[in-house]
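Me: I would like to learn how to read a model of this kind, feature by feature. Please start with a single side chain and what it touches.

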Number of protein chains: 2
Amino acid sequence: MAKRKSLADSPCPVARALEIIGERWALLIVRDAFDGVRRFGEFQESLDIARNILTDRLRLLVEAGVLDVVPASDGSAYQEYVLTPKGEALFPVIVTLRQWGEANLFARGEKHSQLIDRASGKPVSKLILRSAVGTTPAPAGTFVKKVATQKSR
Amino acid sequence: MAKRKSLADSPCPVARALEIIGERWALLIVRDAFDGVRRFGEFQESLDIARNILTDRLRLLVEAGVLDVVPASDGSAYQEYVLTPKGEALFPVIVTLRQWGEANLFARGEKHSQLIDRASGKPVSKLILRSAVGTTPAPAGTFVKKVATQKSR
DNA sequence: CCGTATCCATTCCGATACTG
DNA sequence: CAGTATCGGAATGGATACGG
């Protein structure tokens, strides 16, 4: 008993997403990857995570298709972990999470780290995110239920 | 040993945010709250979560200031759990997570649940998110480090 | 119907030692 | 440097029984 219930088959996209990245380390690894971190040791030092756990989390993220393993860019015989397109698509998630954290989790005047968007040169905290409005035409029968109770403010 | 490292004091807003909602159930509870769920039993049924865990997670979210406890709206002597402004500010996080899940975690033709934004009448999956561009003027000395390595695509 | 309390299996995670 | 192997303690989560 006490077998953990899998969310991987949930009809809710939020639940499925959490099955992959709803875990203490996963998103921090992804955040570091966005930050340019590629090597095992860099992740380990940056996150201060035990090596065995890091090994396991990297493996899970690779299996999930969020990271990819490539031969090291320098001569060394090792590997590097880079974001796949699927992993890069997590950028808006990181940004919104960061924005929420900055706005709600820091005392006035308290310092926080910052991330600059390479393309725009602006802090990611100030990015306006564009969703894929045109993508997924959503043909009839796509949804298993429709709930019209959302507030947006 | 093996004491879990707290992220609550991390200078990274993403890490702090994950300390609160980076857990298997927290965001699903928040998602349900956005969906209009307010009662203990509703959460329990919707999430199929053990009652003791639900109790604990609700308590944590209340402590974190994401949910608030109010007297039941019907006559019953119980309580209801409603989103605080801080909790409602998580809306963009849920939306981006959902968008990512829809785009990357479902096979073509596979159905997923849907959520309609009350204000706009559109699916949240197609919302264009506006960040608080004007807020937090970010005076000098706000950041502990600046990293300019971000890719945005 | 709303929770709390207990018990226990599973999972997580840190420390450490070890290999190449 | 980049992992793997093993260990033990802590946290998570599920089942269930109980009380308001």
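Reply: This is a predicted model. Take A:Val66, and set aside its neighbours within four places in sequence. A:Val66 is then in contact with A:Ile20, A:Val30, A:Leu61, A:Val82, A:Leu83, A:Thr84, A:Gly87, A:Leu90 and, from the other chain, B:Trp100.

Me: Which residues touch the most other members of the largest nonpolar core?

Reply: A:Val66 is one of them, along with A:Ile29, A:Leu67 and B:Val30. The core has 80 residues.

Me: Why is helix H1 of chain B described as largely enclosed?

Reply: Count its buried residues. In H1(B), residues 13-21, 7 of the 9 are buried, so the rest of the structure largely encloses the helix. In an α-helix, residues three or four places apart point the same way, because there are 3.6 residues a turn. The buried residues here are B:Pro13, B:Val14, B:Ala15, B:Arg16, B:Ala17, B:Leu18 and B:Ile21.

Me: What covers the buried residues of H1(B)?

Reply: The cover includes helix H2 (26-34), helix H6 (91-104) and strand E3 (112-117) of chain A, together with helix H2 (26-34) of chain B.

Me: How many residues surround DNA strand C, and which are the closest?

Reply: There are 25, and the closest are A:Asn52, A:Ile53, A:Arg57, B:Arg39 and B:Thr55. Of the strand's atoms within 4 Å of the protein, 62% belong to sugar and phosphate. By class, the surface near DNA strand C has 10 nonpolar, 5 polar and 10 charged residues. H4(A) gives the largest share of that surface, 4 residues. Among the other elements that supply at least two residues each are helix H3 (40-47) and strand E2 (79-83) of chain B.

Me: Which side chains have polar atoms placed by a base of DNA strand C, and at what distance?

Reply: Look at the atom pairs. A polar side-chain atom of A:Asn52 is 2.4 Å from a base nitrogen, and one of B:Arg51 is 3.3 Å from a base oxygen. With B:Thr55 the partner is a phosphate oxygen, 3.4 Å from an N or O atom of the side chain.

Me: Where is pLDDT lowest and highest among the elements of chain A?

Reply: Where pLDDT is low, the predicted coordinates should not be read in detail. Chain A has a mean pLDDT of 84, with 84% of its residues at 70 or more. Among its elements, strand E4 (residues 143-150) has the lowest mean, 49, and helix H5 (residues 85-88) the highest, 96. Residues 133-140 of chain A are below 50, and the model gives this stretch 7 contacts beyond near neighbours in sequence. Residues 147-152 of chain A also stay under 50, with 26 contacts beyond four places in sequence.

Technical notes. Residues numbered from 1 in each chain as written. Chains lettered and ligands numbered in written order. Heavy atoms only, no water. Buried < 20%, exposed > 50% of the residue type's maximum accessible area, 1.4 Å probe, protein only. Contact = heavy atoms within 4.5 Å. Near = heavy atom within 4 Å. Polar contact = N/O pair within 3.5 Å; in protein donor to acceptor, adjacent residues only side chain to side chain. Nonpolar A, V, L, I, M, F, W, Y, C, P; charged D, E, K, R; others polar. Core = buried A, V, L, I, M, F, W, Y, C linked by side-chain atoms within 4.5 Å. pLDDT = per-residue confidence, 0-100.
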